[in-house]
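Here are my notes on the model you asked me to look over. I've kept them to numbered points, so dip in wherever you like.

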Amino acid sequence: MKFFIDTANVDEIRKAHSLGVIAGVTTNPSLVAKEGKDFVETLKEIISIVDGPISAEVISLDSKGMIEEGEKLAQLSPNIVIKVPMTAEGLKATHQFSKNGIRTNVTLIFSANQALLAARAGATYVSPFVGRLDDINQDGIPLIQDISDIFKIHQLETEIITASVRHPIHVTQAALAGAHIATVPYSIIDKMIKHPLTDQGIERFLSDWNNRKA
Ligand code: E4P
C-alpha cells in the first residue's frame with residue numbers, strides 16, 4: 001500500500017515528502033479553505049514539491065461545470081488528478097474525463113456499489129471515507145475489503161484510496177483489507193513513526209555506549 005498526504009498545507013507536504021514515503025497528495029475544498037490561500041497557486045506549489053498524483057477537487061455540481069473546471073486544473077500539470085464527487089453528474093464527468101485521458105479520483109464513496117459505478121465510469125481512483133462511516137457508528141474498514149474483493153473478482157484497475165483516516169489502526173486495517181493507497185494527514189504519519197519502545201531502546205543504547213569501559 002502506498003501513501004498520499006491528505007492536506008493543502010505546503011509545509012506539511014514538504015515535511016512528509018522529505019521522509020521519502022509520500023507518493024501523492026489529496027486535497028479537498030475544506031482543506032484548501034483552511035489554508036486561506038489561492039487554490040491554483042497552492043496547487044502550483046504542491047506540483048513543484050511532489051512528483052506524483054495530486055488530487056484537485058471541482059466545486060460544480062453539474063457535469064458540464066465539473067468538466068470545465070477539471071480541464072483547466074488538468075492543464076496545470078500531468079500530475080493533476082481531478083477529484084469528482086460521487087453523484088450521477090460526477091459519473092458523467094468522470095466518464096468524459098476518462099475518454100479525454102484525464103485521471104480522476106471519485107470522492108465521498110460510502111458503499112461498494114458507488115465504488116463499482118465509479119470504476120465502470122472510468123475512475124482512476126475511488127476514495128472510500130472510513131472515518132466518516134465510523135462517525136455514524138458503522139465500521140468503515142469492511143467497505144475497503146468489499147471494494148478490494150469486487151475489484152479483484154471483476155479485474156477492475158481502479159485503485160482504492162482509503163480516505164478520512166483518523167488513526168494509525170485505520171492504516172494497518174486498510175493495508176490488510178487490500179487498499180492500494182491510504183491518504184493520511186501529517187499527524188498520522190507522525191503517530192505511525194513513533195513507538196515508546198523505540199525511544200526507550202535508543203535511550204538505553206546511548207546510555208550503555210556512554211558508560212562503556214573501553
Ligand atoms: C480524502 O481525499 C479527503 O480529503 C479526506 O480524507 C477527508 O477526511 P475527513 O473525513 O477527515 O474530512
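1. One bit of vocabulary before the ligand: a residue is near a molecule if its C-beta atom, placed from the backbone, lies within 6 Å of it. Also keep in mind that this is a predicted model.

2. So who sits around the ligand? By that cut-off, the surrounding residues are Asp6, Thr26, Asn28, Thr107, Ser127, Phe129, Gly131, Arg132, Ala163, Ser164 and Thr183. Sorted by class, the shell has seven polar, two charged and two nonpolar residues.

3. Stepping back to the whole chain, there are eleven helices and eight strands. The C-alpha atoms fill a box of roughly 75 × 40 × 30 Å along the principal axes. Of the 214 residues, 41% are buried. Looking at contacts between residues at least 6 apart in sequence, 55% join residues at least 24 apart.

4. Lys83 deserves a stop. UniProt, in an unreviewed entry, puts the feature "active site" here, and the annotation may be inferred rather than shown by experiment. The residue is in strand E4. Is Lys83 buried or exposed? It counts as buried, because it has 25 C-beta neighbours inside 10 Å and the cut-off for buried is 20 or more.

5. What does Lys83 touch? Leaving aside neighbours within four places in sequence, its contacts are Asn28, Ser55, Ala56, Glu57, Val58, Asn105 and Thr107. Two of these names, Asn28 and Thr107, also appear in the ligand's surroundings.

6. Now helix H4, residues 63–74. Its twelve residues should span 16 Å at 1.5 Å a residue, and the end C-alpha atoms are indeed 16 Å apart. The buried residues here are Ser63, Met66, Ile67, Gly70, Leu73 and Ala74. Viewed down the axis of H4, they fall within an arc of 130 degrees, so they line one face of the helix. The spacing fits a general rule: an α-helix has 3.6 residues a turn, so residues three or four places apart point the same way. Covering the buried residues of H4 are, among others, strand E3 (54–57), strand E4 (80–85) and helix H5 (88–99).

7. Helix H8 (141–153) can be read in the same manner. For its 13 residues the expected span is 18 Å, and the ends are 19 Å apart by C-alpha atoms, which agrees. Buried in H8 are Ile141, Leu143, Ile144, Ile147, Ser148 and Phe151. These cover an arc of only 155 degrees around the axis, which puts them on the same side of H8. They pack against helix H6 (112–121), strand E6 (125–128), helix H7, strand E7 and helix H9 (168–177).

8. Finally, two backbone oddities to check by eye. Most residues other than glycine have a negative phi. Asn137, though, has a positive phi of about 70 degrees without being a glycine. Asn137 sits in the loop between H7 (130–135) and H8, and is exposed, with 6 other C-beta atoms within 10 Å.

9. The other one is Gln155, which follows H8 and has a positive phi near 50 degrees. This residue lies in the loop between H8 and strand E7 (159–162). Where does Gln155 stand, buried or exposed? With 6 C-beta neighbours inside 10 Å, Gln155 counts as exposed.

Note on methods: Residues numbered from 1 in each chain as written. Predicted model: local features only at pLDDT ≥ 70, side-chain atom pairs only at ≥ 80, totals over all residues. Helix = DSSP H or I, 4+ residues; strand = E, 2+ residues; numbered from the N terminus. Buried ≥ 20, exposed ≤ 12 C-beta atoms within 10 Å, placed from the backbone. Contact = placed C-beta atoms within 7 Å. Nonpolar A, V, L, I, M, F, W, Y, C, P; charged D, E, K, R; others polar. Expected span 1.5 Å × (residues − 1). Arc of directions from axis to C-beta.
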